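This report looks at how two helices pack and at how aromatic rings pair. The sequence and the structure are shown first.

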Amino acid sequence: NDEGEQGQEQEQGKKAAQDAVVTAHMAAHLKHSDARDSDFWRIISELEAQAPERFQTSSMISADDSALGKKKSRTLLDSVDRAFFCGDLNYRVELPREEMERIILEWQDTADDGSDRDRRQMLLDEMMPYDQLIRTVSEGRAFPGMAEGKVSFAPTFKFDRDTGTYDSSHKQRVPAWTDRVLFKPSGTRVLEYTSVPAATHSDHRPVYGIYRVSMQK
């Protein structure tokens, strides 16, 4: 797993605001949702161990305690003013491949100009309750206090490279939204959150967000 973190301090009047941006590539495969949850806590603990003292809070627990499964009362992400956690988080959709194919085929029959927005929403409503990341966040297993923009785009994984076809190999992976951006919602507003279907060079479709961030602490 690869992860990186960028901490920044921005002057806001006489006080410096603290920002954190974390990128991660978390555990793969449908059955490893718990491992992805554990990846989150491990990454945060490792970043806390490396963070400058001014980013720390007295209530953070040690990496050793985290390895024993003790959840923090506060984390590095709590101590900063703004935080983003993004990347190939690898959470999957717990629906059969055949069911996802049926829904996606209906999606592909809708128009991109917004005229079929209600139909697309109905199809999303069929899929999203089975999204592992949404379940993880709602049940408090990882990403505490974080939010996500509204997912209104088709699953971003896994494609045959240079095509718009979902995995046609013998593995027949279930399409999923593996690529996500979560953020600390206080003072942050989502302006756009979408994927780039035309970027076919990878087996993923890139996802990006545009956010308006308050300069007030």
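## Aromatic pairs and a helix contact

Phe143 is buried in this predicted model, with a relative accessible area of 1%. Its partner in a ring pair is Phe85, and because the centres of the two rings lie 5.2 Å apart with the planes at 90°, the pair is edge-to-face. Phe85 lies in strand 3, while Phe143 lies in the loop between helix 6 (132-138) and strand 4 (147-148), so the pair ties together parts that are 58 residues apart in sequence. Phe85 is buried as well, with a relative accessible area of 0%. Ring pairs also link these two residues with Phe40, Trp41 and Tyr91 into a cluster.

The count of aromatic pairs comes to 10. Among them is the pair of Phe84 and Phe183, which is tilted. Phe84 belongs to strand 3 (residues 82-88) and Phe183 to strand 5 (residues 179-183), so this pair ties together parts that are 99 residues apart in sequence. Phe84 is buried at a relative accessible area of 16%, and Phe183 is buried at 4%.

| Pair | Centre to centre | Angle between planes |
|---|---|---|
| Phe85 and Phe143 | 5.2 Å | 90° |
| Phe84 and Phe183 | 6.2 Å | 35° |

Turning to the helices, the axes of helix 4 (residues 97-108) and helix 5 (residues 117-127) come within 10 Å and cross at roughly 170°. Because an angle over 145 degrees counts as roughly antiparallel, helix 4 is roughly antiparallel to helix 5. The crossing of helix 4 past helix 5 is left-handed. Residues that meet there include Ile103 and Trp107 in helix 4, and Leu123 and Leu124 in helix 5. The residues of this contact divide into six nonpolar, no polar and six charged.

Key:
Residues are numbered from 1 along each chain as its sequence is written. This is a predicted model: local features need pLDDT of at least 70, side-chain atom pairs count only at pLDDT 80 or more; totals for chains, interfaces and linings use all residues. Side-chain values use heavy atoms; hydrogens and water are left out. Axes are lines fitted to C-alpha atoms, for helices over the stretch in contact, and angles run from 0 to 180 degrees between N-to-C directions. Helices (H or I, at least four residues) and strands (E, at least two) are DSSP runs, numbered from the N terminus. Angles under 35 degrees count as roughly parallel, over 145 as roughly antiparallel, 65 to 115 as roughly perpendicular and the rest as oblique. A crossing is left-handed if the near helix is turned anticlockwise from the far one by less than a right angle, and right-handed if clockwise. Contact means heavy atoms within 4.5 Å. Ala, Val, Leu, Ile, Met, Phe, Trp, Tyr, Cys and Pro count as nonpolar, Asp, Glu, Lys and Arg as charged, and the others, Gly among them, as polar. Rings of Phe, Tyr and Trp (its six-membered ring) pair if their centres lie within 6.5 Å; planes under 30 degrees apart count as stacked, over 60 as edge-to-face and the rest as tilted. Buried means under 20% relative accessible area, exposed over 50%, partly exposed in between (1.4 Å probe, protein chains only).
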